[in-house]
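Here are a few exercises to work through with the model open beside you. Try each task before reading its solution.

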Amino acid sequence: MIKWKKTTYPSTFIKLSDELAKVRSMLSADVYNKNTEKYRGKQEHSIQQLGIFAELIARHLMENNNGIKYKAAPLIGEGPVVDADIIMKGIGEFHYIDVKGVKSEGNTLRVNFKAHNNPQKKVTHYLFIQPLNALYARFCWFTHEQVSKWTVVMSTYTECYELDIPKNN
């Protein structure tokens, strides 16, 4: 059973993520073009939008929890960011968090296999965020080690670690 928590978010995140996804897609067009293994076809915009939307909610969660100190990676850059999306200060340590969006109707959690095993990418935790409607989203946490134990499957474009979301969850 996945331990979900529920949160609200500003409805402006929906339009803002759409606008930022257009810019992010333009800036990274050379990385995600047809001649690369990272090509995502017609899904490019929706994948970017969901990722940005999840990152906005993650920042919102950090801001609404008094006492949490964190640093967020830029939402827009000249290319994809290899670093963690959020670096959060814990008790005596730092948590390097990769934020993952899950489609509203999604029934699996996924992490790219190559990115997860990239020694250049320091990630200690994954924060999955799934929008439920125009006001609520739910989120859950997994450690890097937990994700390493998930099933490896071939998705549409690449290998990934996958965990099913139970229907009653």
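**Warm-up: the whole chain**

Residues 24 or more positions apart account for 62% of the contacts (heavy atoms within 4.5 Å) in the chain with a separation of 6 or more. This is a predicted model, where local features need pLDDT of at least 70, side-chain atom pairs count only at pLDDT 80 or more, and totals for chains, interfaces and linings use all residues. Residues are numbered from 1 along each chain as its sequence is written, and side-chain values use heavy atoms, with hydrogens and water left out.

**Exercise 1.** Find how many helices and strands the chain has, and in which pattern they follow.

*Solution.* Start with the DSSP runs, numbered from the N terminus: helices are H or I with at least four residues, strands E with at least two. The chain has four helices and nine strands. Then read along the sequence: β-α-α-β-β-β-β-α-β-β-α-β-β.

**Exercise 2.** Work out how helix 1 and helix 2 cross.

*Solution.* First, locate helix 1 at residues 12-27 and helix 2 at residues 44-63. Next, take their axes (lines fitted to C-alpha atoms over the stretch in contact, with angles from 0 to 180 degrees between N-to-C directions): they come within 8 Å and cross at roughly 125 degrees. Helix 1 is therefore oblique to helix 2, as the angle is outside the ranges for roughly parallel (under 35 degrees), roughly antiparallel (over 145) and roughly perpendicular (65 to 115).

**Exercise 3.** Name some residues where helix 1 meets helix 2.

*Solution.* Among them, Phe13, Leu16 and Leu20 lie in helix 1, and Ile52, Phe53 and Leu56 in helix 2.
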